[in-house]
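User: Please take a close look at one part of this model and explain how it is paired and what it gives to the interior.

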Amino acid sequence: MTLQSSFTDTLNSEVPAIWHKSNWSNGGYFVNTWGELNVSFPGEEMVLTLEPESSGTTPELAISGEYSTNLKCSYGFYRARLKASSVPGTITGFFTYTGGDTNHDEIDIEIKGDTPNKLQLNYWTNGVEHPLVFDLPFDASLEFHDYGFNWTPSGIDWFVDNRLIHSENGTNGPLPNTPGQLFFNYWGVQNSSGWSSDYDPLTPASSVSVKNVSFLE
């Protein structure tokens, strides 16, 4: 397997050598499909836009943006500067995911629009998740902040604004060890059994912004 090597990207323009825009549908809890036009680079940042699906060509009720690496990434330090959403029923995501062709390993940083002053941390190993909620000292939808995680064979450390906020060493369950693509996405939720409120697909268009992402082996 060819793995992604270290990189730094300001996200002021598309870089097809590293990234691609999603154009499919997850289904399940996701009320939206992914559209390439919903990933844009208007200035010194990348913008992911969630809006009603007006074309009528898909069964989903909304359309949004997702951006992911072409290659899978392994152990290293993942960092990005982002401004999340406060729209109820939405999720701002920054995570690694192995994909459907192997066991489900994943490392997550997510912010729910319902509670933009809380950070959803999680790791999945072979389909088993280990979620945690961390209280932020700010509203993540108001301005940019730095988020990151350092993944090694012996642990995962999560950071906010360069401050360590949580560590996992495997005592709460085996750590992920399978390389995965790095993703950014912004999506609407429905029928999540109370994890989030339901997104109203008639909500006016909203967006999240990301800049200065890096992966350092």
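Analyst:
**Strand S18 and its partners**

Strand S1 (residues 7-9) and strand S18 run antiparallel and are joined by three bridges, where strands are DSSP runs of E with at least two residues, numbered from the N terminus, and two of them pair if DSSP finds at least two bridges between them. The model is predicted, with local features needing pLDDT of at least 70 and side-chain atom pairs pLDDT 80 or more, while totals for chains, interfaces and linings use all residues. Residues are numbered from 1 along each chain as its sequence is written, and side-chain values use heavy atoms, without hydrogens or water.

Within the pairing of S1 with S18, aspartate 9 has valine 213 as its bridge partner. S18 also runs antiparallel to S5, with five bridges between them, and here serine 207 of S18 stands opposite threonine 49. Six bridges link S18 to S8, again antiparallel, and lysine 211 in S18 is the bridge partner of arginine 81.

S18 (206-216) is also among the elements that give two or more residues to the largest nonpolar core, as are S5 (46-52) and S8 (76-83); its four residues are the largest share of this core. Such a core joins buried (under 20% relative accessible area, 1.4 Å probe, protein chains only) Ala, Val, Leu, Ile, Met, Phe, Trp, Tyr and Cys residues through side-chain atoms within 4.5 Å. The core has 45 residues, and those with the most contacts inside it include Trp19, Met46, Leu119 and Phe184. A second, separate core of five residues includes Trp34, Ile91, Trp187 and Val189.

Note on methods: Buried means under 20% relative accessible area, exposed over 50%, partly exposed in between (1.4 Å probe, protein chains only).
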